[in-house]
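Work through the exercises below with the structure open beside you. Try each task before you read its solution.

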Amino acid sequence: MGKRVYQAGKKTAVILAALFLLSGCGSVTEEMKTGRTEGIALLESGDYEGAVSRFDEVISQASRVTDFELDVLKYRAEAELKLEDYQAAAYTYGILSQVDEPKPEYEYLEALCLARGGNPEGAKAALEEGKALDESLSGFGYEEAMMAIGEANAASGDMEAADRTYQELVSQGHANTGIYNRWALSAMEAGNYEEALSYIQTGLALSDDTARKELRFNEAVCCEYLGQYEQALSLFQAYEAEFGSDEQTAHEIAFLVTR
């Protein structure tokens, strides 16, 4: 399996390439510390583009890779991910995996970004590198990376690969409502509503509530597509009673009462 390939902005690539060549002690100025603080504030306020720009300015002042620069790079990658600039985020996580000590989380988060950016093969390569550092498969980002790869496979029409990914997660002990909801959505995208219902019902039997709302809604949708209109109406009404009314649910109920 080949190494992933992606591009970053010219400015970022030059800065990070320069940092990669340098390591050791470096001087962290008060201006750099202020820049990091301002970047974090922008990140927390939801101004992800502004945060990336501010972190770039801090990195451009660095002469060596120290713990401070690594911290800024991590914040920058987080901002890029939230900005949904997946190529840039994957590039930054890739750089972190080279300039810092080996950590599975860098590989997993790079895999997550590559998968969301539509590169499932590159994501699998990054995932495997993370797994080589994480024998228990419990590192931060592993489950999210696997979920993203499953979603990317489903989006590309490779439902068998998506099924294998979700099955692997479950067999490894990572079963939760979020996984079963994604598995159900993959089956729904393929038109396999009976199969989707089986995943939904398995997910609803679990104790965690992470994706219970989504599972309940998709359960009703599956019944509707299967022509089980009375059951779908009952499920949508129960959903509304449990989670409150919204435009989409109200529309579904209004349609189903006429069937």
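Five exercises follow, each with a worked solution.

This is a predicted model, in which local features need pLDDT of at least 70, side-chain atom pairs count only at pLDDT 80 or more, and totals for chains, interfaces and linings use all residues. Residues are numbered from 1 along each chain as its sequence is written, and side-chain values use heavy atoms, with hydrogens and water left out.

**Exercise 1. Fold and confidence**

Task: State how many helices and strands the protein has, and find where confidence is lowest and where it is highest.

Solution.
Step 1. Count the elements. The protein has 14 helices and zero strands. Helices (H or I, at least four residues) and strands (E, at least two) are DSSP runs, numbered from the N terminus.
Step 2. Turn to pLDDT, the predictor's confidence in each residue, from 0 to 100. Its mean over the protein is 90, and 90% of the residues reach 70 or more.
Step 3. Compare the elements. Helix 1 (residues 10–21) has the lowest confidence, with a mean of 50. Helix 12 (residues 212–225) has the highest, at 98.
Step 4. Look at residues 5–11. There pLDDT stays under 50. The model has eleven contacts for this stretch beyond four places in sequence. Contact means heavy atoms within 4.5 Å.
Step 5. Take the contacts between residues at least 6 apart in sequence. Of these, 58% join residues at least 24 apart.

**Exercise 2. The largest pocket**

Task: Describe the lining of the largest pocket by element and by class.

Solution.
Step 1. Fix the term. On a 1 Å grid over the protein atoms alone, a pocket is an open set of points where a 1.4 Å probe fits, with protein on both sides within 12 Å along at least five of seven lines; lining residues have an atom within 4 Å of a point.
Step 2. Note the volume, about 150 Å³. A volume is the space filled by probe spheres set on the points, and grid points are joined across faces, edges and corners.
Step 3. List the lining. Eleven residues line the pocket, and K124, L127, I149, T165 and E168 lie nearest its centre.
Step 4. Assign elements. Helix 7 (120–131), helix 8 (142–155) and helix 9 (159–171) each give two or more residues. Helix 9 gives the largest share, four residues.
Step 5. Sort by class. The lining has five nonpolar, two polar and four charged residues. Ala, Val, Leu, Ile, Met, Phe, Trp, Tyr, Cys and Pro count as nonpolar; Asp, Glu, Lys and Arg as charged; the others, Gly among them, as polar.

**Exercise 3. N176 in its loop**

Task: Decide whether N176 is buried or exposed, and find which side chain makes a polar contact with the N176 side chain.

Solution.
Step 1. Place N176. It sits in the loop between helix 9 and helix 10 (177–189).
Step 2. Apply the cut-offs. Buried means under 20% relative accessible area, exposed over 50%, and partly exposed in between (1.4 Å probe, protein chains only). N176 is at 13%, so it counts as buried.
Step 3. Find the partner. The side chains of N176 and E143 share a polar contact of 2.6 Å. A polar contact is a pair of N or O atoms within 3.5 Å; within protein, one must be able to donate a hydrogen and the other to accept it, and residues adjacent in sequence count only if both atoms are side-chain atoms.
Step 4. Check the backbone. The nitrogen of I179 there lies 2.8 Å from a polar side-chain atom of N176.
Step 5. Add the touching residues. Leaving out residues up to four places away in sequence, N176 touches E143, L206 and D208.

**Exercise 4. Two positive phi values**

Task: Where do E84 and L137 lie?

Solution.
Step 1. E84 is in the loop between helix 4 (67–82) and helix 5 (86–99). L137 is in the loop between helix 7 and helix 8.
Step 2. Read the angles. Phi of E84 is near 65°, positive in a residue other than glycine. L137 is not a glycine either, and its phi is about 55°.
Step 3. Check accessibility. E84 counts as exposed because its value is 56%. L137, at 14%, counts as buried.
Step 4. List the contacts of L137. Beyond four places in sequence they are Y108, K131, Y142, Q172 and H174.

**Exercise 5. Apart along the chain**

Task: What separates the C-alpha atoms of A155 and S186?

Solution.
Step 1. A155 lies in helix 8. It is exposed, at 68%.
Step 2. A155 and S186 are 31 residues apart along the chain, and 8.3 Å separates their C-alpha atoms.
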